[in-house]
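Thank you all for making the time this morning. I would like to walk you through one structure, taking it region by region, and I will put it on the screen before I say anything about it.

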Amino acid sequence: MPVYQAPLRDYQFVLNELLNVYQQDELKGFDEIDTELVNAILQGMAEFSTDIMLPLNSVGDREGCRLEAGQVKTPTGFKAAYDQFVDNGWATLTSDPAYGGQGLPSVVGSFILEMTAATNMSFGMYPGLTHGAYSAIHAHGSESLKQKYLEKFVSGEWTGTMNLTESHAGTDLALLRTKAVPLDNEKYAISGEKIFISSGDHDLSDNIVHLVLARLPDAPAGVKGISLFAVPKYLINDDGSLGERNQLSATGLEHKMGLHGNSTCVMLFDGAEGELVGEAHQGLRAMFTMMNEARLGVGIQGLAVSDIAYQNALLYAKDRIQGRALSGPKDNDKAADPILVHGDVRRMLLAQKAFNEGARGLMGQQSLWLDMSMRHQNPEKAKEAAALAAFFTPVVKGFVTDQGFKACVDAQQVFGGHGYVHEWGMEQFVRDLRISMIYEGTNGVQALDLIGRKLLSDKGAALNLWSKMVKQYIGQHQGNSAMTPYVMGLMHAAKDLEKATGFIASRVEKSPDMIGVASMPYLQLMGITALAWIWARTASIALQALDEETQERTFYQSKLQTAKCYMDYWAVQTTSLRLQIESSSHTMAEFDDALF
């Protein structure tokens, strides 16, 4: 079975040194957290995830979920683990205290999510989707809906889902057919079938509340005619107790490549009673609150599973002996050297390490921007943070899951043939994480969103805001000779990003089809540049700590050397991506369909 060591020291580094979260005095509620409190919470989840969740990961994969007499049964141990998860208060951490939450910042919650996803991605989706449903109703629901559902969500007594996809309509929600017919009691009868519904049915909680996209009879055509409804599995009496079963059911379970421990259901709504969330015909606005939170969560999954795969690959590379180093034997007392000495193994492991630690910093930064957007006492600063968080949402979802999956494949490769068999756990990581590039909007959709909605629609305002931050950082540090490798690496990547952005902007009106071709390399270019920014900042912190003769020299030396590896291996890839955008976009967009 795989092992896991929660990266607690790295969490402390990101929170305390990279992001300075304990000095964010202008953010409401941040004065209530300190290092002692946060470290205790992170340590508690490290123990829970390692001791309780990790052993169930292979159980969930092996057993899967079962549909028996219209009820989904989760794998052995999941129900007991969920009860303990709820009893320990893990479901309450970042929720509003008005509904029983602890009110912790998202930047702390993001690392809780990482440990959960690293040790048991399937299990973590049950409470993860619930928090998304909580957020949608918290932001858009009526006061009566909030009173009915939020405390139950926060406590973990009830769970939530989101129901978008239909068999004939995946990403294109304009084709949605599910209907909502008004009833006499200001409620609605929901009828239709949804597919690919994660956590659609299970035996973990007393009730499951489905957030369902549907059309009212007077709805205009297209996405502007979609409304959002809260549809509980069991109806709720006036006193808050559960009533009779609603007219909905899980009619099938998907047989999937991975994530066997999470129930992915076909859901049938047959006149099920539901209530409107937000305004009529404004369902996408409300649902995107949930989806954008979910996209950050999926990005965290990409990092989390990549990290546990890396940890196990590193241990294996240090232990497995095979062959000799090309420069000569490193351990004459053994018949062969550990495979860590081999250049390609080192390349794969260092690429993973540099990606994982950089992505962790980016996830922390994204979460802090989200906190700032909701908590900053200066409205202008809050608005800027919201723009940055929106801009980076497709990056943290698309880029991090793309590269996290590739890192998992490399970690599996380190094991050779042992990586392909079940007992080591590496093949499960690859199978489980593959979905992260598909659900919550495929990564191709994320790439289009980055260019179409986030870049071109506001004439690059959010990108310019971030670019100013990058240029300011470069200006502050380029006079420091010790920072030269890191500043130059960031400058190189930022220049390629600027050129690629200009190229796309100059051709979008004359050649709109090329945007689809250019979007994915642009997403990767953006992600690599963002991590270069994180690593340059990390390098300056490490240099200062070493200059001050820190007692943690090994930790900061590792940061500094890994930053150099990132600049030398990852950041130089931006030129190739820029040239790809400039040279191939027209060729591919204009390729004759008949010649495929």
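Let me begin where two helices meet: Met 45, Phe 48, Ile 52, Leu 56 and Gly 60 in α2 are in contact with Phe 78, Ala 81, Gln 84 and Phe 85 in α3. Before I go further, please keep in mind that this is a predicted model, and that every value I quote is computed from it. The axes of α2, which covers residues 35-63, and of α3 come within 10 Å and cross at roughly 160°. Angles over 145 degrees count as roughly antiparallel, and α2 and α3 are therefore roughly antiparallel to each other. As for the hand of the crossing, α2 passes α3 in a left-handed one.

Staying with helix α3, I would like to turn to its aromatic residues. The structure holds 24 aromatic pairs, and one of them is formed by Tyr 82 and Phe 85, a stacked pair with 6.3 Å from centre to centre and 15° between the planes. Why are these two residues separated by about one helical turn? They are 3 residues apart in helix α3, which spans residues 78-87, and that spacing is what places them about one turn from each other. Both members of the pair are buried, Tyr 82 with a relative accessibility of 3% and Phe 85 with a relative accessible area of 5%. The pair is also part of a wider group, since ring pairs link Phe 48, Phe 78, Tyr 82, Phe 85 and Phe 123 into a cluster. You will recognise some of these names from the helix contact, where Phe 48 of α2 and both Phe 78 and Phe 85 of α3 take part.

A second stacked pair joins Tyr 316 and Phe 415, whose ring centres are 4.3 Å apart and whose planes stand at 20°. Here the pair links distant parts of the chain, 99 residues apart: Tyr 316 belongs to helix α6, residues 283-319, while Phe 415 is in the loop between α8 (379-414) and α9 (426-433). Tyr 316 is buried, with a relative accessible area of 9%, and Phe 415 is likewise counted as buried, at 4% relative accessibility.

Rings in this model also have charged groups placed over them. The charged end of Arg 9 sits over the ring of Phe 555, at 4.2 Å from the centre of that ring. In another place, the charged end of Arg 245 sits over the ring of Tyr 234, and there the distance to the ring centre is 5.8 Å.

Let me now come back to helix packing with another pair of helices, α4 (residues 106-140) and α5 (residues 143-155), whose axes come within 10 Å and cross at roughly 155°. That angle makes α4 roughly antiparallel to α5, and α4 passes α5 in a left-handed crossing. On the α4 side the contact is made by Thr 130, Ala 133, Tyr 134, Ile 137 and His 138, and on the α5 side by Leu 145, Lys 146, Tyr 149, Leu 150, Phe 153 and Val 154.

I have picked out a few single residues as well, and the first I will show is Met 348, which lies in helix α7, residues 343-375. Is Met 348 buried or exposed? With a relative accessible area of 4%, Met 348 is buried. Setting aside residues up to four places away in sequence, Met 348 touches Asp 410, Gln 413 and Val 414.

Next comes Ile 226, whose place is in the loop between β6 (207-214) and β7 (227-232), and which counts as buried at 0% relative accessibility. Leaving aside neighbours within four places in sequence, Ile 226 is in contact with Leu 173, Leu 213, Ala 214, Arg 215, His 281, Gln 282, Gly 283 and Leu 284.

One of those contacts, His 281, deserves a word on its backbone, because it has a positive phi of about 70° although it is not a glycine. His 281 is found in the loop between β11 (264-277) and α6. Asn 20, in the loop between α1 (8-18) and α2, also has a positive phi in a residue other than glycine, near 50°. At 35% relative accessibility, Asn 20 counts as partly exposed.

Notes. Residues are numbered from 1 along each chain as its sequence is written. This is a predicted model: local features need pLDDT of at least 70, side-chain atom pairs count only at pLDDT 80 or more; totals for chains, interfaces and linings use all residues. Side-chain values use heavy atoms; hydrogens and water are left out. Rings of Phe, Tyr and Trp (its six-membered ring) pair if their centres lie within 6.5 Å; planes under 30 degrees apart count as stacked, over 60 as edge-to-face and the rest as tilted. Helices (H or I, at least four residues) and strands (E, at least two) are DSSP runs, numbered from the N terminus. Buried means under 20% relative accessible area, exposed over 50%, partly exposed in between (1.4 Å probe, protein chains only). A charge sits over a ring if NZ of Lys or CZ of Arg is within 6 Å of the ring centre and within 35 degrees of the ring normal. Axes are lines fitted to C-alpha atoms, for helices over the stretch in contact, and angles run from 0 to 180 degrees between N-to-C directions. Angles under 35 degrees count as roughly parallel, over 145 as roughly antiparallel, 65 to 115 as roughly perpendicular and the rest as oblique. A crossing is left-handed if the near helix is turned anticlockwise from the far one by less than a right angle, and right-handed if clockwise. Contact means heavy atoms within 4.5 Å.
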